[in-house]
Amino acid sequence: MTELAHWSVLAAIGIVVLAIVLRTSLRTLREHQRGVVFRLGRVQAVKEPGVFFLLPLLQRMVVVDLRPVSIEVPAQAVRSRDHVALQVGAAIAFRIVDPEKAVTKVDDARAAISRLAQTTLGPMLGQYDLNEIMAERDMRCHDLRLTLNRHAEPWGIEVSGVTFSRFDLDDATIRALEQQAQAERLRRAQGPSTTQANTPTV
(Lines give C-alpha, C1' and ligand atoms only; values in the text may rest on other atoms or scores of the structure.)
Protein backbone atom coordinates (compact mmCIF):
# COMPACT_ATOMS: atom_id res chain seq x y z
CA MET A 1 0.00 0.00 0.00
CA THR A 2 2.86 2.32 0.86
CA GLU A 3 4.60 1.47 -2.42
CA LEU A 4 1.41 2.24 -4.36
CA ALA A 5 1.14 5.64 -2.67
CA HIS A 6 4.78 6.30 -3.48
CA TRP A 7 4.25 5.60 -7.17
CA SER A 8 1.09 7.74 -7.14
CA VAL A 9 3.06 10.69 -5.81
CA LEU A 10 5.77 10.17 -8.43
CA ALA A 11 3.13 9.95 -11.16
CA ALA A 12 1.49 13.16 -9.97
CA ILE A 13 4.88 14.94 -9.91
CA GLY A 14 5.63 13.60 -13.39
CA ILE A 15 2.32 14.88 -14.72
CA VAL A 16 2.95 18.33 -13.24
CA VAL A 17 6.47 18.45 -14.68
CA LEU A 18 5.20 17.30 -18.09
CA ALA A 19 2.48 19.97 -18.03
CA ILE A 20 5.06 22.67 -17.23
CA VAL A 21 7.38 21.45 -19.99
CA LEU A 22 4.56 21.38 -22.52
CA ARG A 23 3.41 24.83 -21.47
CA THR A 24 6.87 26.34 -21.91
CA SER A 25 7.92 24.42 -25.02
CA LEU A 26 4.70 24.30 -27.07
CA ARG A 27 4.52 27.50 -29.10
CA THR A 28 2.07 28.87 -31.67
CA LEU A 29 2.70 31.50 -34.34
CA ARG A 30 -0.05 33.39 -36.15
CA GLU A 31 -0.14 34.16 -39.85
CA HIS A 32 1.50 37.58 -39.48
CA GLN A 33 4.25 36.31 -37.16
CA ARG A 34 7.61 34.63 -37.61
CA GLY A 35 9.76 33.10 -34.90
CA VAL A 36 13.55 33.42 -34.84
CA VAL A 37 14.78 30.40 -32.85
CA PHE A 38 18.09 30.53 -31.00
CA ARG A 39 19.85 27.39 -29.78
CA LEU A 40 22.53 28.05 -27.18
CA GLY A 41 22.75 31.65 -28.34
CA ARG A 42 23.03 31.01 -32.08
CA VAL A 43 20.30 31.41 -34.69
CA GLN A 44 19.01 27.98 -35.62
CA ALA A 45 15.91 28.60 -37.71
CA VAL A 46 13.11 31.00 -38.63
CA LYS A 47 9.76 29.39 -37.89
CA GLU A 48 6.69 29.86 -40.06
CA PRO A 49 3.11 30.16 -38.67
CA GLY A 50 1.88 27.02 -36.91
CA VAL A 51 2.43 24.92 -33.76
CA PHE A 52 5.82 23.49 -32.77
CA PHE A 53 8.00 22.56 -29.79
CA LEU A 54 11.05 24.22 -28.33
CA LEU A 55 13.62 22.33 -26.29
CA PRO A 56 13.48 23.70 -22.74
CA LEU A 57 16.66 25.48 -21.60
CA LEU A 58 18.31 24.88 -24.99
CA GLN A 59 16.14 26.91 -27.32
CA ARG A 60 14.45 30.29 -27.10
CA MET A 61 12.42 32.18 -29.65
CA VAL A 62 11.94 35.83 -30.54
CA VAL A 63 8.57 36.53 -32.18
CA VAL A 64 8.63 39.06 -35.03
CA ASP A 65 5.50 40.84 -36.32
CA LEU A 66 5.48 41.32 -40.13
CA ARG A 67 2.54 43.73 -40.24
CA PRO A 68 3.18 47.29 -41.44
CA VAL A 69 3.99 49.80 -38.70
CA SER A 70 3.51 53.57 -38.74
CA ILE A 71 5.47 55.87 -36.42
CA GLU A 72 5.46 59.61 -35.85
CA VAL A 73 8.88 61.27 -35.91
CA PRO A 74 8.98 64.30 -33.57
CA ALA A 75 9.46 67.67 -35.22
CA GLN A 76 13.11 68.43 -35.92
CA ALA A 77 14.80 71.82 -36.15
CA VAL A 78 15.87 72.20 -39.78
CA ARG A 79 17.75 75.02 -41.50
CA SER A 80 17.36 75.28 -45.26
CA ARG A 81 20.21 76.08 -47.63
CA ASP A 82 19.11 79.73 -47.66
CA HIS A 83 19.29 79.80 -43.83
CA VAL A 84 15.57 79.65 -43.05
CA ALA A 85 14.71 77.92 -39.76
CA LEU A 86 11.73 75.58 -39.66
CA GLN A 87 10.34 72.67 -37.68
CA VAL A 88 9.62 69.50 -39.68
CA GLY A 89 7.92 66.34 -38.43
CA ALA A 90 7.30 63.16 -40.42
CA ALA A 91 5.20 60.01 -40.42
CA ILE A 92 7.12 56.87 -41.42
CA ALA A 93 5.55 53.59 -42.54
CA PHE A 94 7.72 50.46 -42.54
CA ARG A 95 7.62 46.69 -42.18
CA ILE A 96 10.03 43.88 -41.40
CA VAL A 97 10.90 41.78 -44.45
CA ASP A 98 13.74 39.68 -42.99
CA PRO A 99 12.96 38.49 -39.42
CA GLU A 100 16.44 37.11 -38.76
CA LYS A 101 18.19 40.38 -39.65
CA ALA A 102 15.60 42.42 -37.75
CA VAL A 103 16.42 40.45 -34.59
CA THR A 104 20.19 40.07 -34.93
CA LYS A 105 21.19 43.36 -36.59
CA VAL A 106 19.15 45.85 -34.56
CA ASP A 107 17.78 45.89 -31.03
CA ASP A 108 14.40 47.56 -31.65
CA ALA A 109 13.18 48.13 -35.20
CA ARG A 110 10.70 50.87 -34.28
CA ALA A 111 13.24 52.84 -32.23
CA ALA A 112 15.96 52.34 -34.85
CA ILE A 113 13.82 53.74 -37.69
CA SER A 114 12.75 56.68 -35.53
CA ARG A 115 16.36 57.55 -34.63
CA LEU A 116 17.46 57.15 -38.24
CA ALA A 117 14.71 59.47 -39.48
CA GLN A 118 15.55 62.10 -36.85
CA THR A 119 19.23 62.15 -37.77
CA THR A 120 18.56 62.10 -41.54
CA LEU A 121 15.77 64.67 -41.85
CA GLY A 122 17.78 67.82 -41.08
CA PRO A 123 20.85 67.19 -43.27
CA MET A 124 18.72 66.04 -46.20
CA LEU A 125 16.40 69.09 -46.22
CA GLY A 126 19.37 71.38 -45.54
CA GLN A 127 20.53 70.78 -49.12
CA TYR A 128 17.58 72.76 -50.51
CA ASP A 129 16.28 76.33 -50.40
CA LEU A 130 12.97 76.97 -48.65
CA ASN A 131 11.12 77.49 -51.93
CA GLU A 132 12.40 74.14 -53.22
CA ILE A 133 11.33 72.37 -50.04
CA MET A 134 7.86 73.93 -50.02
CA ALA A 135 7.21 73.45 -53.74
CA GLU A 136 8.55 69.88 -53.93
CA ARG A 137 7.40 68.23 -50.70
CA ASP A 138 6.48 64.97 -52.44
CA MET A 139 9.94 64.75 -53.99
CA ARG A 140 11.61 65.45 -50.64
CA CYS A 141 9.51 62.70 -49.04
CA HIS A 142 10.60 60.36 -51.82
CA ASP A 143 14.25 61.27 -51.25
CA LEU A 144 13.92 60.66 -47.51
CA ARG A 145 12.28 57.27 -48.09
CA LEU A 146 15.12 56.18 -50.39
CA THR A 147 17.72 57.33 -47.86
CA LEU A 148 16.01 55.51 -45.00
CA ASN A 149 15.68 52.35 -47.09
CA ARG A 150 19.36 52.39 -47.95
CA HIS A 151 20.27 52.39 -44.26
CA ALA A 152 17.47 50.07 -43.09
CA GLU A 153 17.92 47.32 -45.69
CA PRO A 154 20.79 45.64 -43.75
CA TRP A 155 18.42 45.49 -40.76
CA GLY A 156 15.80 43.55 -42.72
CA ILE A 157 13.43 46.53 -42.72
CA GLU A 158 11.65 48.15 -45.66
CA VAL A 159 10.37 51.74 -45.47
CA SER A 160 7.22 51.92 -47.58
CA GLY A 161 6.10 55.51 -47.07
CA VAL A 162 7.15 58.93 -45.77
CA THR A 163 4.97 62.02 -45.35
CA PHE A 164 5.64 65.35 -43.67
CA SER A 165 3.14 65.62 -40.83
CA ARG A 166 4.34 69.00 -39.58
CA PHE A 167 5.92 71.91 -41.41
CA ASP A 168 6.23 75.06 -39.26
CA LEU A 169 8.11 78.28 -39.97
CA ASP A 170 9.16 80.72 -37.26
CA ASP A 171 7.26 83.99 -36.89
CA ALA A 172 9.97 86.13 -38.46
CA THR A 173 10.06 83.96 -41.57
CA ILE A 174 6.26 84.00 -41.87
CA ARG A 175 6.21 87.82 -41.68
CA ALA A 176 8.99 88.07 -44.27
CA LEU A 177 7.14 85.75 -46.65
CA GLU A 178 3.90 87.70 -46.18
CA GLN A 179 5.70 90.97 -46.95
CA GLN A 180 7.33 89.42 -49.98
CA ALA A 181 3.98 88.12 -51.25
CA GLN A 182 2.33 91.48 -50.66
CA ALA A 183 5.10 93.28 -52.53
CA GLU A 184 4.75 90.83 -55.41
CA ARG A 185 0.97 91.37 -55.58
CA LEU A 186 1.48 95.13 -55.54
CA ARG A 187 4.06 94.92 -58.30
CA ARG A 188 1.74 92.86 -60.47
CA ALA A 189 -1.17 95.22 -59.82
CA GLN A 190 0.85 98.28 -60.78
CA GLY A 191 2.52 96.67 -63.78
CA PRO A 192 -0.07 97.23 -66.56
CA SER A 193 -0.99 100.79 -65.48
CA THR A 194 2.66 101.77 -65.29
CA THR A 195 3.25 100.35 -68.75
CA GLN A 196 0.22 102.19 -70.10
CA ALA A 197 1.30 105.46 -68.51
CA ASN A 198 4.75 105.19 -70.05
CA THR A 199 3.37 104.47 -73.55
CA PRO A 200 3.66 107.60 -75.74
CA THR A 201 0.46 108.85 -77.35
CA VAL A 202 0.29 109.44 -81.09
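# A tour starting from T120

Select T120 first: this residue sits in helix α3. The model you are looking at is predicted. Is T120 buried or exposed? T120 has a relative accessible area of 12%, under the 20% cut-off, so the residue counts as buried. Now show what surrounds T120. Setting aside neighbours within four places in sequence, T120 is in contact with L144, T147 and L148.

**Stop 1: the α3/α5 pair**

L144, T147 and L148 are among the residues of α5 that meet α3. Select the α3 side of this contact: I113, L116, A117, T120, L121, M124 and L125. Then add the α5 side: R140, D143, L144, T147, L148, H151 and A152. Colour these residues by character. The contact divides into 9 nonpolar, 3 polar and 2 charged residues.

Now draw the two helix axes. The axes of α3 and α5 come within 10 Å. They cross at roughly 130°. Why are the two helices called oblique? An angle of roughly 130° lies outside the roughly perpendicular range of 65 to 115 and is not over 145, so α3 and α5 are oblique to each other. Check the hand as well: the crossing of α3 and α5 is right-handed.

**Stop 2: the sheet with β6, β7 and β8**

Select β6, β7 and β8. These 3 strands form an open sheet, in the order β6-β7-β8, with antiparallel pairing. Which strands are at the edges? They are β6 (69-79) and β8 (157-169), each pairing on one side only. Neighbouring strands of this sheet are turned by 20° against each other on average, direction ignored.

Bring back the helices. Helix α3 (residues 109-125) packs on the sheet and touches β6, β7 and β8. The direction of α3 makes about 30° with that of β6. Helix α5 (residues 137-152) also packs on the sheet, touching β7 and β8. The direction of α5 makes about 140° with that of β8.

Zoom in on β6 and β7. How many bridges join β6 to β7? There are 9, and β7 covers residues 85-96. The two strands run antiparallel. Pick Q76 to see one pairing: V88 in β7 stands opposite.

**Stop 3: strand β2 and its partners**

Move to strand β2, residues 33-39. Of its 7 residues, 6 are buried, so the strand is largely enclosed by the rest of the structure. Show its partners next. β5 (residues 59-65) is joined to β2 by 7 bridges, and the two run antiparallel. β3 (residues 42-47) is joined to β2 by 5 bridges, also antiparallel.

Select V36, a residue with a place in both pairings. In β5, the bridge partner of V36 is V62. In β3, V46 stands opposite V36.

Follow the chain from β2 into β3. This hairpin has 2 residues between the strands. Pick L40 here and check the backbone: L40 takes a positive phi near 55°.

**Last stop: the whole chain**

Zoom out and colour by secondary structure. The protein has 6 helices and 8 strands. Along the sequence, the pattern reads α-β-β-β-β-β-β-β-α-α-α-α-β-α. Colour by burial next: buried residues make up 30% of the 202 residues. Finally, show the contacts between residues at least 6 apart in sequence. Of these, 62% join residues at least 24 apart.

Definitions and conventions: Residues are numbered from 1 along each chain as its sequence is written. This is a predicted model: local features need pLDDT of at least 70, side-chain atom pairs count only at pLDDT 80 or more; totals for chains, interfaces and linings use all residues. Side-chain values use heavy atoms; hydrogens and water are left out. Two strands pair if DSSP finds at least two bridges between them. Helices (H or I, at least four residues) and strands (E, at least two) are DSSP runs, numbered from the N terminus. Axes are lines fitted to C-alpha atoms, for helices over the stretch in contact, and angles run from 0 to 180 degrees between N-to-C directions. Contact means heavy atoms within 4.5 Å. Angles under 35 degrees count as roughly parallel, over 145 as roughly antiparallel, 65 to 115 as roughly perpendicular and the rest as oblique. A crossing is left-handed if the near helix is turned anticlockwise from the far one by less than a right angle, and right-handed if clockwise. Ala, Val, Leu, Ile, Met, Phe, Trp, Tyr, Cys and Pro count as nonpolar, Asp, Glu, Lys and Arg as charged, and the others, Gly among them, as polar. Buried means under 20% relative accessible area, exposed over 50%, partly exposed in between (1.4 Å probe, protein chains only).
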